[in-house]
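Student: Could you take me through one part of this model up close? I'd like to start with the cysteines and then see where helices from two chains meet.

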Amino acid sequence: MSTIAPQSGSRSHGGAAYRPSTWRRVQSWIAGHVVMFSALLVLVYLFIPVAYTFVFSFNNYRKSNIVWNPQGSPTLKHWKDPCGAPGVCDALVTSLEIGAIATLVATILGTMLAFALVRHQFRGKAASNLLVFIPMATPEIVLGASLLTLFVQGFSRFGLRLGFWTIVIAHIMFCISFVVVTVKARLQSLDPRLEEAAQDLYAGPGSTFWKVTFPLVLPGIVGAALLAFSLSFDDFIITNFVSGNETTFPKFVYVSYLRGIPAQANVIGFSMFVLALLLVIAGTLVNNIRKPKV
Amino acid sequence: MSAFAHAAGGNAAVTHQDPPARRRSWATWLLLLPGFLWLLVFFVFPLVQLFTVSLQSKYPGYPGYYYRDVNFGNYVDALTQFGAHFGRSLLFAGLATLFAFLLAYPLAYAMAFKAGRWRNVMMICIIAPFFTSFILRTVAWRQILADDGPVASTLNFLHLLPGGRITETWVAVVAGLTYNFLPFMVLPIYASLERADHRIIEAGGDLYANGFTTFRKVTLPMSMPGVLAGTLLTFIPAAGDYVNADLLGSDRSTKMVGNVIESQFFKVLGGFPLAAALSFTLMALILALVFVYIRRFGTEELL
């Protein structure tokens with residue numbers, strides 16, 4: 001880390017070149033690699049259950065997919081027929097639809113809020129920041145419980161039944177704050193001189209925004225959308241409160257847990273994991289190729 | 001996704017100030033209105049509604065019916081009947097937060113300072129497990145830690161497991177909470193380390209501080225906004241969680257407040273007021289703890 005050691009050493013050593021002793025260098029080498037090694041261990045720890053899910057997607061089980069069946073050899077039948085278990089693909093499609101709608105709306109509303117909170121001066125800004133922060137500091141179970149009472153006692157008279165749309169509404173609500181926080185971070189780290197330069201070059205406010213500001217903020221918005229989608233897709237607690245008879249993928253897994261989760265859920269869970277990996281890797285590559293030179 | 005760092009309002013890094021141009025106020029309100037309306041209607045209003053429910057009383061003789069009232073008896077019931085559950089929630093969440101911090105810091109540190117171009121790959125590795133669904137992963141842990149699973153049988157073989165089992169005990173619940181909320185600890189710490197000025201850390205070394213002293217006096221304080229955000233984002237959902245206690249714990253000795261709230265809502269006829277009171281008590285406890293925590297470790301003391 002200390003790449004500028006020679007210069008700084010010469011100051012205090014009266015001209016003698018400063019070199020860390022061999023022992024110090026060995027020490028720092030070990031220290032550096034201990035950190036990397038423990039980091040890799042933690043990553044492995046994160047992946048253990050994912051690997052378990054993958055392995056048990058090949059289990060040739062008879063009644064329930066809990067223990068490995070020693071008689072049956074590993075099978076590909078669940079991979080060939082991922083929708084084989086009743087309801088599993090319906091649940092997946094529901095989750096993807098909810099995730100898509102919630103992500104779209106939450107990203108738009110959250111980005112607008114972030115722009116107002118960073119770029120505009122208005123009274124009540126501190127209170128507004130608080131309103132955005134508190135949903136993140138509220139336990140999910142309280143959010144779910146309060147939305148359930150609202151939907152059951154307040155909204156049923158408007159004909160809103162628990163189901164798909166109540167889940168969407170709830171997901172948009174808890175995603176907004178995370179979007180605001182992500183986009184805000186990006187906006188705050190922008191160099192305002194870029195926009196000033198655009199205006200000096202006679203760009204109007206509209207073209208300054210669309211040609212300079214927006215492209216610079218876009219990575220933050222994309223990151224926020226990804227975060228919103230993953231939060232929505234993986235949410236169980238709030239969804240369980242407001243879903244009624246609608247079944248999302250996490251709810252499907254939870255409900256079928258007592259009878260034994262079908263291996264098709266393992267196939268879908270692991271495929272979504274791989275899909276997410278590939279998508280983000282592709283995104284990173286594209287981003288690296290088109291990296292703006294600013 | 002360097003987002004979480006700002007969650008607790010900690011902006012340690014250099015942020016550019018906006019040009020002081022006056023914006024038209026109608027534009028501000030147009031930007032604010034839709035998002036705020038959503039949060040008001042679907043966050044603030046439901047909380048108010050839940051609060052009124054928590055004060056309702058039962059109709060005597062009509063199970064499942066209640067009337068509008070100002071009855072704090074539900075709160076008394078919540079604390080007297082379920083005090084142990086509150087204690088467990090806070091204790092388990094606290095332990096999980098501590099363990100998550102110990103696991104997350106080396107990972108975040110390695111990503112920020114050692115990983116080089118592997119940084120993005122590591123970032124992806126931390127987020128991608130979300131897509132396997134946390135229920136599936138928690139169930140996987142249950143099978144891995146089960147009595148006849150690899151971990152418990154090895155420990156039993158070595159006579160290292162006093163109770164003879166891992167699942168159905170608090171150990172499994174805390175382990176599950178630690179695992180599930182670990183990414184929420186890693187990401188903010190990483191974000192604050194990444195934005196820290198590396199030259200300051202180098203200066204520590206130049207001033208003859210050894211590695212550990214540099215870490216303790218320079219790196220750790222600079223990452224405190226991230227640590228603060230990370231502990232909050234881990235502790236709060238962990239304290240309200242009921243899935244881990246449900247899937248990994250036992251029926252009696254590991255139930256948390258979340259389990260009680262869930263069963264009062266869904267399985268007990270007329271349990272709504274008590275469940276609402278439990279929810280608000282949990283929220284008040286958490287907010288009080290968070291307030292004390294921010295006052296103690298908040299930004300003023302870190303500078």
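Tutor: Sure, and keep in mind that this is a predicted model. Over all chains, the structure holds one disulfide. The bond runs between C83(A) and C89(A), with an S to S distance of 1.9 Å. Its torsion about the S-S bond is about -85 degrees, so this disulfide is left-handed. The two partners sit on either side of the 20% cut-off for burial: C83(A) is partly exposed at 45% relative accessible area, while C89(A) comes out at 18% and counts as buried. Elsewhere, C175(A) is buried at 0% relative accessibility, and C125(B) is buried too, at 15%.

Now for the helices. Helix α7 of chain A covers residues 164-188, and its axis comes within 10 Å of the axis of helix α1 of chain B, residues 25-54, with a crossing angle of roughly 120 degrees. That makes α7(A) oblique to α1(B), and the crossing is left-handed. On the α7(A) side the contact is made by I169(A), I172(A), M173(A) and I176(A), and α1(B) answers with G35(B), W38(B), L39(B), F42(B) and F43(B). Sorted by type, the residues of this contact are eight nonpolar, one polar and no charged.

Also in α7 of chain A is F164(A), which counts as buried at 17% relative accessibility. Leaving aside residues up to four places away in sequence, F164(A) touches T94(A), E97(A), I98(A), I101(A) and E246(A). With E246(A), the C-alpha to C-alpha distance is 6.2 Å, although 82 residues separate the pair in sequence.

Conventions. Residues numbered from 1 in each chain as written. Chains lettered and ligands numbered in written order. Predicted model: local features only at pLDDT ≥ 70, side-chain atom pairs only at ≥ 80, totals over all residues. Heavy atoms only, no water. Axes fitted to C-alpha atoms, helices over the stretch in contact; angles between N-to-C directions. Helix = DSSP H or I, 4+ residues; strand = E, 2+ residues; numbered from the N terminus. Parallel < 35°, antiparallel > 145°, perpendicular 65-115°, else oblique. Left-handed = near helix turned anticlockwise from the far one by under 90°. Contact = heavy atoms within 4.5 Å. Nonpolar A, V, L, I, M, F, W, Y, C, P; charged D, E, K, R; others polar. Buried < 20%, exposed > 50% of the residue type's maximum accessible area, 1.4 Å probe, protein only. Disulfide = S-S within 2.5 Å.
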